[in-house]
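Visitor: Please take me through one part of this model at close range. I would like the sheet, and then whatever packs around it.

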Amino acid sequence: MTTLHTRASAGDPYYQDVPAYMTEVYDWAYVNPRKARLLDHKLVVRTLLFGNDQRLMRAYLDEIRPGERVWQVAHVYGDLVQRAAARVGEAGRFTLTDVTPIQVELAAGKLAGLPQAEVVRADAARYHTDGKQDLVCSFFLLHEVPEEMKAAIVGNMLAQVAPGGRALFVDYHRPQPWQPIGWLLKWVNRALEPFAEALWNQEIRAYAREAERFDWSKRTVFGGVYQIALARRKD
């Protein structure tokens with residue numbers, strides 16, 4: 001399990017008990033409060049996903065049914081969290097977790113006033129939800145965590161799924177050879193996303209300890225750049 005780490009230089013609450021890999025690799029994107037606030041816009045998400053943001057978000061939102069219990073394992077820039085919470089409706093329950101203080105702060109601001117929504121600072125690999133969930137979603141989280149964390153997060157997500165419930169993973173995938181974006185992403189991964197390329201070489205279900213308890217399906221979009229993988233619990 002990745003250890004928690006506090007920046008010794010400043011006692012800054014935004015760095016308190018943040019995983020070491022986050023401060024070392026993703027400070028510029030998810031930990032530094034000034035930079036995170038600048039990035040938290042729909043246009044940023046659209047640019048990073050090469051215009052596929054709405055298609056990928058719909059894959060998640062269309063899976064949510066009113067009245068369901070939904071756990072989203074990390075904050076996402078833009079308006080996705082509000083849309084997901086609204087989809088659940090007041091008869092349901094929407095829980096959002098994130099491990100970094102600024103992401104919790106941003107999410108709480110977006111979900112204020114929605115009685116069905118709660119924001120919890122927690123590690124997705126260890127958080128236990130209050131009751132089994134109808135849907136658990138990881139929206140572009142797995143590519144950002146080290147290999148051992150991928151397995152821990154997938155395992156914990158699946159453990160929180162109620163009988164007949166689903167776990168949804170929207171993330172990167174190995175591009176088709178003809179997809180020129182693949183070459184760009186390979187460079188970006190080497191420079192900024194060192195944990196991402198693992199998803200090019202391994203199926204998400206391979207990270208699950210009890211994969212056989214679920215029915216798995218997967219589709220890819222944008223020439224294989226992105227995958228939408230769904231695991232439905234059998235029992």
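Guide: The sheet in this predicted model is open and has 7 strands. Their order is S5-S4-S3-S6-S7-S9-S8, and the pairing is mixed. Two strands form the edges: strand S5 (117-121) and strand S8 (214-221). Each of these pairs on one side only. From one strand to the next, the twist averages 15 degrees.

Now look inside the sheet. Strand S6 covers residues 133-139, and strand S7 covers residues 161-172. S6 and S7 pair in the parallel sense, over 6 bridges. Take Phe 139 as an example: its bridge partner in S7 is Val 170.

Next come the helices on the sheet. Helix H5 (residues 53-61) lies across strand S3 (69-72), strand S4 (93-98), S6, S7, S8 and strand S9 (226-233). H5 runs at about 160 degrees to S6. Helix H7 (residues 101-111) also packs on the sheet, where H7 touches S4 and S5. The direction of H7 makes about 170 degrees with that of S5.

H5 has a helix partner too. Helix H6 (residues 80-88) packs with H5 at an angle of about 25 degrees. The axes of H5 and H6 are 10 Å apart. Angles under 35 degrees count as roughly parallel, so H5 and H6 are roughly parallel to each other. Their crossing is right-handed. On the H5 side, the contact is made by Gln 54, Met 57, Tyr 60 and Leu 61. H6 brings Leu 80, Arg 83, Ala 84 and Arg 87. By type, the residues of this contact divide into 5 nonpolar, 1 polar and 2 charged.

One record touches this region. An unreviewed UniProt entry lists residues 77-165 as "domain: Methyltransferase". In the model, that span is 37% helix and 26% strand. The C-alpha atoms at the two ends of the span lie 26 Å apart.

Last, a contact between residues far apart in sequence. Val 25 lies in helix H1 (residues 20-25). Val 25 and Pro 194 are 169 residues apart in sequence. In space, C-alpha to C-alpha, Val 25 and Pro 194 are 8.2 Å apart. Leaving aside neighbours within four places in sequence, Val 25 is in contact with Leu 192, Pro 194 and Phe 195.

Technical notes
Residues numbered from 1 in each chain as written. Predicted model: local features only at pLDDT ≥ 70, side-chain atom pairs only at ≥ 80, totals over all residues. Heavy atoms only, no water. Pairing = 2+ DSSP bridges. Helix = DSSP H or I, 4+ residues; strand = E, 2+ residues; numbered from the N terminus. Axes fitted to C-alpha atoms, helices over the stretch in contact; angles between N-to-C directions. Contact = heavy atoms within 4.5 Å. Parallel < 35°, antiparallel > 145°, perpendicular 65-115°, else oblique. Left-handed = near helix turned anticlockwise from the far one by under 90°. Nonpolar A, V, L, I, M, F, W, Y, C, P; charged D, E, K, R; others polar. UniProt positions renumbered as here; feature names shortened; annotations may be inferred.
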